[in-house]
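Pull up the model and give it a slow turn before reading on. We'll begin with a single helix and work outward from there.

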Amino acid sequence: MTGFEILGQIVAGWLFADFVGGLGHWWEDRAAEARWPIVGRWIVAPNRLHHTDPVAFTRAGFLTRNSTTWAAVVPISALVFLLTGPSPFWVAATIGGLMMNQVHFWAHRPPLGLPYIVRTLQTAGLFQSGGHHHGHHSIPSRRYCVLTNLLNPFLDRYGFWTVLERGLSAMGMPVNGGTR
């Protein structure tokens, strides 16, 4: 594998993690119910609180803030690694998945208080910046991907999330339609 192929796989894996995380975030916001046992209490309700009080989760500790994402990423990645072996794509996707809530946390922090490398990666769009993420809190039906600034403009422009919601509605599944 050439250096360009490895780099391409790393970028693709990072964006894959962002996209899958965006799908999960969209599902939490629009289709999941806080009243559901376990998932509702531990995932949906804190997510909904985050939309009424965007900095609420920033008051939680590192482990609390990241544990639900890790609980999903670790077993899935372990299974993929077991079945296929490691690849640059899957290593990058795993790291992106593990870092997703931490990157989201940094998007809610003042830039001057962030480590230089985090600010640099935010400026490059590889980590989501606060300005970009603010677009999700100001218009809740967009910018669901929280790892980078790269996918949201494309997905929002072409109405990806609206198409998903219409698909759920067509199948008779309830969509929260903006309720938090």
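Let's start with H3 and a quick sanity check on its length. This is a predicted model, and H3 has 23 residues, which at 1.5 Å a residue should span 33 Å; the C-alpha atoms at its ends are 31 Å apart, so the two figures agree. That doesn't make H3 a perfectly straight rod, though: at Thr 68 the helix bends by about 40°. Just after H3 comes Gly 85, with a positive phi near 80°.

Which residues of H3 are buried? They are Arg 65, Asn 66, Thr 69, Val 73 and Ser 77. Follow those side chains and you'll see what they pack against, namely helix H4, residues 88-107. H4 has a kink of its own, about 50° and centred on Met 100. As for its surroundings, 14 of the 20 residues of H4 are buried, so the rest of the structure largely encloses this helix.

Now zoom in on Arg 65, which sits in H3, a helix covering residues 62-84. What about a salt bridge for this arginine? Arg 65 is buried but has none, and the nearest side chain of opposite charge, Asp 53, is 13 Å away. Setting aside neighbours within four places in sequence, Arg 65 touches Phe 57, Thr 58, Ala 60, Asn 101, Gln 102 and Phe 105.

Other charged side chains do find partners. In general, side chains of opposite charge can pair when their charged atoms come close. How many salt bridges does the structure hold? There are 2. In one of them, the side chains of Glu 165 and Arg 30 meet at 2.6 Å, N to O. Glu 165 belongs to helix H8 (residues 160-170) and Arg 30 to helix H1 (residues 3-30), so this pair ties together parts of the chain that are 135 residues apart in sequence. Glu 165 has a relative accessibility of 14%, so it counts as buried. Arg 30, with a relative accessible area of 6%, is buried too.

Asp 53, the acidic residue we met 13 Å from Arg 65, forms a salt bridge with Arg 59, and their closest N and O atoms are 2.7 Å apart. Are these two buried or exposed? Arg 59 is exposed, with a relative accessible area of 58%, while Asp 53 counts as partly exposed at 25% relative accessibility.

Time to look at the loops. Most residues other than glycine have a negative phi, which makes a couple of spots here worth a look. Ile 38 has a positive phi, near 60°, and is not a glycine. You'll find Ile 38 in the loop between H1 and helix H2 (39-52), where its relative accessible area of 64% makes it exposed. Arg 143 is another non-glycine residue with a positive phi, this time near 55°. Arg 143 lies in the loop between H6 and H7, and with a relative accessible area of 19% it is buried; the cut-off for buried is under 20%.

Stay in that loop, between helix H6 (130-138) and helix H7 (152-157), and move along to Leu 151. At 18% relative accessibility, Leu 151 counts as buried. What does Leu 151 contact, once neighbours within four places in sequence are left aside? The list is Leu 15, Asp 18, Phe 19 and Cys 145. For a sense of scale, the C-alpha atoms of Leu 151 and Gly 130 are 15 Å apart, with their positions 21 residues apart along the chain.

Finally, step back to take in the whole chain. The secondary structure comes to 8 helices and 0 strands. With a radius of gyration of 16 Å, close to the 16 Å given by the globule rule for 180 residues, the chain is as compact as a globular protein of that length. Along the principal axes, the C-alpha atoms fill a box of roughly 45 × 40 × 35 Å. Of the 180 residues, 39% count as buried. And among contacts with a separation of 6 or more, 58% come from residues 24 or more positions apart.

Methods: Residues are numbered from 1 along each chain as its sequence is written. This is a predicted model: local features need pLDDT of at least 70, side-chain atom pairs count only at pLDDT 80 or more; totals for chains, interfaces and linings use all residues. Side-chain values use heavy atoms; hydrogens and water are left out. Helices (H or I, at least four residues) and strands (E, at least two) are DSSP runs, numbered from the N terminus. Buried means under 20% relative accessible area, exposed over 50%, partly exposed in between (1.4 Å probe, protein chains only). Lys and Arg count as positive and Asp and Glu as negative; His and the chain ends are not counted. A salt bridge is a side-chain nitrogen of Lys or Arg within 4 Å of a carboxyl oxygen of Asp or Glu. Contact means heavy atoms within 4.5 Å. The expected span of a helix is 1.5 Å times one less than its number of residues. The bend at a residue is the angle between axes fitted to the seven residues ending there and the seven starting there. The radius of gyration is taken over C-alpha atoms; the globule rule is 2.2 Å times the number of residues to the power 0.38.
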